[in-house]
Amino acid sequence: MNLPDRKGHFGEFGGKFVPETLMAALSDLEKVFYSLKSNKKFKAEFDFYLKEYAGRPTGLYHAKRLSAHLKRLKVYLKREDLLHTGAHKINNTLGQLLVARRMGKTRVIAETGAGQHGVATATAAALFNVQCDIYMGEEDIARQSLNVFRMRLLGAKVIPVKTGSKTLKDAMNEAMRDWVTNVHDTFYVIGTVAGPHPYPLMVREFQSVIGREARKQFITKENKLPDYLLACIGGGSNAMGLFYNFFNDKNVRMIGVEAAGLGLNTQKHAASLNKGEIGVLHGSKSSILQDSDGQIKIAHSIAAGLDYPGVGPEHAYYKKIGRAQYVCVTDQEAIAGLKLLSQTEGIIPALETAHAIAYLGKLAKRVRKNSSVIVCLSGRGDKDVTSIKDLV
Ligand SMILES: *Cc1c(COP(=O)(O)O)cnc(C)c1O
């Protein structure tokens with residue numbers, strides 16, 4: 001598949017909806033990125049950091065007790081939770097910091113909601129000795145003090161955003177504003193397969209190592225391809241990372257799990273694909289949660305990393321062409337999923353990941369006997385245990 005096209009379109013989705021002042025910066029980035037994509041030295045450098053610093057390759061683990069519990073499904077877990085910093089986000093921030101370095105940028109900025117992308121960016125910035133400023137809503141700063149402390153410890157500056165709802169979408173706006181003003185020396189690190197072209201392509205490229213490894217590992221163990229791929233969807237980067245290399249394997253079914261929060265018929269969910277409409281957010285056209293005036297709604301999920309009112313344009317495209325199916329799991333179901341994996345396998349998953357785990361129970365009810373599935377275990381749950389300790 002050769003999408004996106006050179007303008008960044010995945011069918012009707014994607015593109016570049018940014019102020020004129022950013023068009024030059026994006027086309028610079030495009031030029032550099034397209035040439036680095038096939039540059040052997042760059043690839044070798046990226047691979048080096050993935051391996052020696054982040055801890056790749058990650059295992060593909062056959063979860064025997066969980067599989068026995070589910071009966072009809074043989075479950076393999078792709079262990080992104082074992083990476084440095086505890087989740088898949090580091091794959092992307094290492095890649096983007098290497099691009100920034102190639103472009104001679106001396107400062108990186110990012111927005112963060114719960115702080116996970118902020119921490120992953122601050123980590124890579126410390127590694128490569130680049131100044132790092134993270135925009136974060138004041139509400140989120142109050143809720144996520146531990147991640148704020150981590151970012152500061154890593155040498156980053158956390159800039160409080162006091163506008164609007166003081167959460168992720170406002171932090172995104174501020175980061176864009178900063179980038180417009182400082183593009184000469186500043187690189188904008190986006191945390192998921194969203195944003196204007198070439199970000200969805202670039203982040204997919206850096207995260208696709210997940211599926212490349214998993215595909216090989218599965219074939220080695222099972223001598224065939226899996227029947228299903230399963231991953232949770234915030235912006236969609238761990239899912240796209242897993243899905244992408246299986247795109248042409250027509251018999252491999254892909255399922256993305258969105259956060260249904262308190263329920264799809266409430267206002268408190270983050271189901272941008274199941275409940276969204278076509279619109280523009282963060283510089284690209286996709287499926288987003290918006291009101292009748294086109295104002296972005298506030299998303300909700302118990303998992304901070306899923307709490308995003310948009311989704312990467314490539315997922316909107318996969319949904320439209322029927323290549324992937326997108327389902328939903330509520331906060332409560334996710335907590336049950338977290339307990340299930342903890343108690344059957346001794347692995348406490350992130351609340352985000354717990355959404356994918358929770359869906360396994362529903363999937364097991366509708367599959368043929370002896371079906372197999374790879375679940376992207378996007379992150380570990382240590383960060384979440386204090387926030388759920390009164391709920392389980
Ligand atoms: C951020 C995060 C997610 C959601 O982001 P995607 O871009 O959809 O992958 C999922 N899992 C974990 C552990 C995260 O930190």
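This is a dialogue on how to read the ligand site, the salt bridges and some backbone features of one predicted model.

Visitor: What should I keep in mind before I begin?

Guide: This is a predicted model, in which local features need pLDDT of at least 70 and side-chain atom pairs count only at pLDDT 80 or more, while totals for chains, interfaces and linings use all residues. Residues are numbered from 1 along each chain as its sequence is written, and side-chain values use heavy atoms, with hydrogens and water left out.

Visitor: How many residues surround the ligand, and which are the closest?

Guide: A residue is near a molecule if one of its heavy atoms lies within 4 Å of it. Here 17 residues surround the ligand, and K89, Q116, T192, G236 and S237 are the closest. Sorted by class, this shell holds 4 nonpolar, 11 polar and 2 charged residues, where Ala, Val, Leu, Ile, Met, Phe, Trp, Tyr, Cys and Pro count as nonpolar, Asp, Glu, Lys and Arg as charged, and the others, Gly among them, as polar.

Visitor: Which side chains have an N or O atom close to a ligand oxygen or nitrogen atom?

Guide: A polar contact is a pair of N or O atoms within 3.5 Å; within protein, one must be able to donate a hydrogen and the other to accept it, and residues adjacent in sequence count only if both atoms are side-chain atoms. In the side chain of Q116, an N or O atom is 2.5 Å from a ligand oxygen atom, and in that of S378 an N or O atom is 2.8 Å from a ligand nitrogen atom. The protein covers 97% of the 380 Å² of accessible area that the ligand has on its own; such areas come from the Shrake-Rupley method with a 1.4 Å probe, and for residues only the protein chains shown count as cover.

Visitor: How many salt bridges does a search of the whole structure find?

Guide: Side chains of opposite charge can pair when their charged atoms come close. A salt bridge is a side-chain nitrogen of Lys or Arg within 4 Å of a carboxyl oxygen of Asp or Glu, and the search finds 23 of them. One of these joins K16 to E30, with the closest N and O atoms 2.7 Å apart. K16 lies in the loop between β2 (13–14) and α1 (20–37) and E30 in helix α1, so the pair ties together parts that are 14 residues apart in sequence; helices (H or I, at least four residues) and strands (E, at least two) are DSSP runs, numbered from the N terminus.

Visitor: Are K16 and E30 buried or exposed?

Guide: Buried means under 20% relative accessible area, exposed over 50%, and partly exposed in between (1.4 Å probe, protein chains only). K16 is partly exposed at 23%, whereas E30 is buried at 9%.

Visitor: Where do R107 and D133 lie?

Guide: Their side chains meet in a salt bridge of 2.9 Å, N to O. R107 lies in strand β5 (residues 107–112) and D133 in strand β6 (residues 131–137), so this pair ties together parts that are 26 residues apart in sequence. R107 is buried at 9% relative accessibility, and D133 is buried at 4%.

Visitor: Which peptide bonds are cis?

Guide: The bond from R56 to P57 is cis, with omega near -5°, and P57 lies in the loop between α2 (40–54) and β3 (60–62). A cis peptide bond also joins H197 and P198, with omega about 10°.
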